[in-house]
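Subject: Structure for your review

Dear colleague,

Please find below the structure that I am handing over to you, with its sequence. My account of what was found in it follows directly after.

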Amino acid sequence: MKVAFAGSPLAAVPVLEALAASAHEVGLVISQPERPRGRVGTPLPTPVAEAAGRLGLPLIEPASINSADSLEALDEAGVGALCVAAYGQILREPLLSMRPCINVHYSVLPAYRGAAPVERAIMDGARETGVTIMQMEAGLDTGPVAAVRKVDIDPEDDAGSVTARLALIGGELLVEALNQLEAGTLKFKAQPKSGVSLAPKIAIEDRMLDFGRPAVELANQIRALSPHLGAYCYIDGQRFKIWRVNARAEPGVEGLSVDGERLVVGCADGALEVLELQPPNRSRMPAAAFLRGWRGALELGRAAQ
């Protein structure tokens, strides 16, 4: 088949690469427009847009995939289906009815419908997630399902490692679904009515660490936000990102304390050993390296006024 692909972040790139390596022809790639990124704010293409250039695929970056210009571009490309993975915009009518719209979603639906399924699953301490291939409709990830494959979430996993595995599986499942669509054998079934949960986009309040919570919950929060967003707290009035920790059953720890080259913070239940963190305007570093060079106070608190 000749298909179009819509995606934006790194999590969608392996799906596009799987399509490009398959027997199906990618006639058009759609990605979000360039946006300012990094400290300098230089406008940069999305990872999917960069991959499209590397693969020599035609690309458009519309402000809205639902615009008349986008619909015309799809018609001109002559595609028989639109494949979507982590695109970042909601598809609306008449786009949804013009051709099959097949979505690669990184959860086992109906659990974790929404923009941050991997992060929310890890935050909740889930031991399992997966990939769902579904037909898109007007509701938020409510469409009928063609295929599901489950994946374990290991205690050492963070959002990056889980997403990387899901993206590879998603590419395989999408190609299989297109093979069946072309053969006329692709079948969908309605999602279960039970087990529905939502995975809204990560907000700034989701990233703030509250050490009045149990250590295990905080460790899950930190894993869920690594390696891209980062959980944070304030040390000596300055904002630090916390990237990697171990939850420990260490009673009696209050605030931040130093044990040799170990940085430990007390929680409501147990303690966290901070393994990797990022001071303001610096790179990520092991806690031991931070302790060797830090000259400020090791006090938790809010931003300096």
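I begin with a pair of residues in the sheet. Thr 129 has Val 151, in strand β9, as its bridge partner. Strands β8 and β9 run antiparallel and are joined by seven bridges. Please bear in mind throughout that this is a predicted model.

The two strands belong to a wider arrangement. An open sheet with mixed pairing is built from seven strands, in the order β5-β2-β1-β6-β7-β8-β9. Its edges are taken by β5 (59-60) and β9 (145-152), and each of these has a single partner strand, so one side of each is left without a neighbour in the sheet. Elsewhere in the same order, β1 (residues 2-7) and β2 run parallel, joined by five bridges. Within that pairing, Ala 4 stands opposite Leu 28 of β2. Strand β2 (residues 25-30) is mostly covered, with five of its six residues buried.

As for the protein overall, its secondary structure comprises nine helices and 15 strands. The C-alpha atoms fill a box of roughly 65 × 45 × 30 Å along the principal axes. The protein has 305 residues, of which 48% count as buried.

Salt bridges

The model contains 13 salt bridges. Three pairs and one network are described here.

Arg 54 is bridged to Glu 17, and the closest N and O atoms are 3.0 Å apart. Because Arg 54 lies in helix α2 (residues 47-55) and Glu 17 in helix α1 (residues 13-21), this pair ties together parts that are 37 residues apart in sequence. Arg 54 counts as exposed, at 53% relative accessibility, while Glu 17 is partly exposed at 33%.

A second salt bridge brings together the side chains of Arg 99 and Asp 75, at 3.0 Å from N to O. Arg 99 is in the loop between α4 (95-98) and β7 (101-105), and Asp 75 is in helix α3 (residues 68-77), so the contact ties together parts that are 24 residues apart in sequence. Is Arg 99 buried or exposed? With a relative accessibility of 11%, Arg 99 counts as buried, because the cut-off for that class is under 20%. Its partner Asp 75 is partly exposed, with a relative accessible area of 44%.

In the third pair, the side chains of Glu 276 and Arg 284 meet at 3.2 Å, N to O. Glu 276 counts as buried at 17% relative accessibility, whereas Arg 284 is partly exposed at 32%.

Beyond these pairs, salt bridges link Arg 248, Glu 250, Asp 259, Arg 262 and Glu 273 in a network.

Surface patches

Two patches on the surface may be of interest when you inspect the model. Glu 128, Asp 152, Asp 154 and Glu 156 form a negative patch. Of these residues, Glu 128 is found in strand β8 (residues 128-135). Glu 128 has a relative accessible area of 42% and is therefore partly exposed.

The other patch is nonpolar and consists of Leu 140, Val 196 and Leu 198, which together have about 290 Å² of accessible area. Val 196 is located in the loop between α6 (159-183) and α7 (204-207). With a relative accessibility of 42%, Val 196 counts as partly exposed.

A buried alanine

Finally, I draw your attention to Ala 271, which is found in strand β14 (residues 271-278). At 0% relative accessibility, Ala 271 counts as buried. Which residue, 24 residues away along the chain, has its C-alpha atom 6.0 Å from that of Ala 271? That residue is Ala 247.

To help you find your way when you open the model, I suggest the following places as starting points:

- the antiparallel pairing of β8 with β9;
- the salt bridge between Arg 54 and Glu 17;
- the salt-bridge network that includes Arg 248 and Glu 273;
- the nonpolar patch of Leu 140, Val 196 and Leu 198.

With kind regards

Note on methods. Residues numbered from 1 in each chain as written. Predicted model: local features only at pLDDT ≥ 70, side-chain atom pairs only at ≥ 80, totals over all residues. Heavy atoms only, no water. Patch = residues over 30% accessible without salt bridge, like charges linked within 9 Å, V, L, I, M, F, W, Y side chains within 5 Å. Areas by Shrake-Rupley, 256 points an atom, 1.4 Å probe, with all protein chains shown as cover. Salt bridge = Lys/Arg side-chain N within 4 Å of Asp/Glu carboxyl O. Helix = DSSP H or I, 4+ residues; strand = E, 2+ residues; numbered from the N terminus. Buried < 20%, exposed > 50% of the residue type's maximum accessible area, 1.4 Å probe, protein only. Lys, Arg positive; Asp, Glu negative; His and termini not counted. Charge placed at Lys NZ, Arg CZ, Asp CG, Glu CD. Pairing = 2+ DSSP bridges.
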